[in-house]
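Hi everyone, and thanks for coming. Please have a look at the picture on the screen while I talk, and stop me whenever something is unclear.

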Amino acid sequence: MSTPFPPADESREAPPSLDLSVPHSARVWNYWLGGKDNYAADRAAGDDVLRRLPDIADGARAERAFLIRVIHHLVREAGIRQFLDIGTGLPTMNNTHEVAQELAPESRVVYVDNDPLVMVHARALLTSSPEGATNYIEADLREPEAILEAARATLDFSRPVGLMLLGVVNHLVDTERSYAVVARLVEELAPGSHLVLTHSTAEIHGEPMLEVMREMNERGGTPIIARSRKEIEGYFAGTELLEPGVVSCSRWRPDPTAVGAPPEVYLFGGVGRVV
């Protein structure tokens, strides 16, 4: 299958800790979005998925549009000026700080990822407005205490925070542990904070999606798991789940001027308010 995306520049030097033979979810995602910050193993894995699930890239684009709509809500309606974005992935267009600081230049954003390539690009490209701040933490979602401790250098947890967990919790394959990690992060948030979460599901594609995930895991890349809508709703325990609840992220408060309901994508998402 030929790819519509441009090839990456393989001549640039990769961070020394980066294993180019193993696909990484952030770089596969970047490939699906048409970026160049990916390698042969990432493109091979991405093409394998596209062969069986041709609309997979639609999910990546829908999630980015979801992020934009959610941040508009959090800044304009909830008054949030702080964001903790864990599993940020490689910088593209309309990153969290860009959307937030365009609306409220004083917004403060902390990005967290465990891929050294993501951190290299984040530090180079994700620059703050003069009035606000951005910071970058190389850490794993499985280490919530380390994330919270480092984030306190930039964020004031006595005030509301937008906790962004987009397409990252699905990499914690131990469900009970994943609930515990999210609960620990939410526990630290002040009332008025919001949890924003998207997660892979097989409720749209069924067995083909599960088969793709099994094969991705067998490649030795970042483990990934699909969960049901009900399981995803469990991450919002202790929050007030905003309407319309956990839905395909393409259908979370879509553009009211659009004609008809947007097609469902394999990423379900929701927003919960900490009370």
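I'll walk through some strands, two helices and two single residues. Please keep in mind that this is a predicted model.

Let's begin with the strands. Find β2, which covers residues 108–113. How many of its 6 residues are buried? The count is 5, and that makes β2 mostly covered. On one side, β2 has β1, residues 82–86, as a partner: the two run parallel and are joined by 5 bridges. If you want a landmark in that pairing, L84 sits opposite V110 of β2. To get from β1 to β2, the chain passes through helix α4, residues 96–103, and this β-α-β crossover is right-handed. β2 also pairs with β3, residues 133–138, again in the parallel sense, over 6 bridges. Here the landmark is D113, which stands opposite E138 in β3.

Now move along to β5. Is it enclosed or open? In β5, 7 of the 7 residues are buried, so this strand is largely enclosed by the rest of the structure. Try following the side chains along it. H194, V196, T198 and S200 point one way, L195, L197 and H199 point the other way, and all of them are buried.

β5 has partners too. Strand β4, residues 162–166, runs parallel to β5, with 5 bridges between them. In that pair, L166 is found opposite T198. The chain goes from β4 through helix α7, residues 175–187, and on to β5, in another β-α-β crossover that is right-handed. With β8, the direction changes: 7 bridges join β5 to β8, and these two run antiparallel. V196 faces V271 of β8 there.

Since we just passed through α7, let's stay with that helix. Its 13 residues should span 18 Å at 1.5 Å a residue, and the end C-alpha atoms are 18 Å apart, which agrees. Which of its residues are buried? They are S178, V181, V182, L185 and V186. Those residues cover an arc of only 130° around the axis, so they end up on the same side of α7. Here is a handy rule for reading such a pattern. An α-helix has 3.6 residues a turn, so residues three or four places apart point the same way.

What do the buried residues of α7 pack against? The list is β1, α6, β4, β5, β6 and β8. Over on the other side of α7, E176 and E187 are exposed. And have a look at the start of the helix, where a side-chain oxygen of D174 comes to within 3.2 Å of the backbone nitrogen of E176.

The second helix is α8, residues 207–218. α8 has 12 residues and reaches 16 Å from first C-alpha to last, close to the 16 Å expected. Its buried residues are M209, V212, M213 and M216. Looking down the axis of α8, you'd see them fall within an arc of 100°, so they line one face of the helix. The elements that cover them include α2, α3 and β5. Just after α8 comes G220, with a positive phi of about 90°.

Let me finish with two single residues. The first is Q82, in strand β1. Is Q82 buried or exposed? Its relative accessibility is 1%, so it counts as buried, the cut-off being under 20%. Its side chain has backbone neighbours: a polar atom lies 2.6 Å from the backbone nitrogen of D156, and a polar atom lies 3.2 Å from the backbone oxygen of P160. Among the residues that Q82 touches are R108, T154 and G162.

The second is S250, in the loop between β7 and β8. Although it sits in a loop, S250 is buried, with a relative accessible area of 9%. What does its side chain contact? One polar contact is with the side chain of S248, at 2.9 Å. The S250 side chain also reaches the backbone oxygen of P263, at 2.7 Å. Residues touching S250 include A62, R69 and V265.

That's my tour, so over to you for questions.

Key:
Residues numbered from 1 in each chain as written. Predicted model: local features only at pLDDT ≥ 70, side-chain atom pairs only at ≥ 80, totals over all residues. Heavy atoms only, no water. Helix = DSSP H or I, 4+ residues; strand = E, 2+ residues; numbered from the N terminus. Expected span 1.5 Å × (residues − 1). Buried < 20%, exposed > 50% of the residue type's maximum accessible area, 1.4 Å probe, protein only. Arc of directions from axis to C-beta. Contact = heavy atoms within 4.5 Å. Polar contact = N/O pair within 3.5 Å; in protein donor to acceptor, adjacent residues only side chain to side chain. Pairing = 2+ DSSP bridges. Right-handed = clockwise from strand over helix to strand, strands pointing away.
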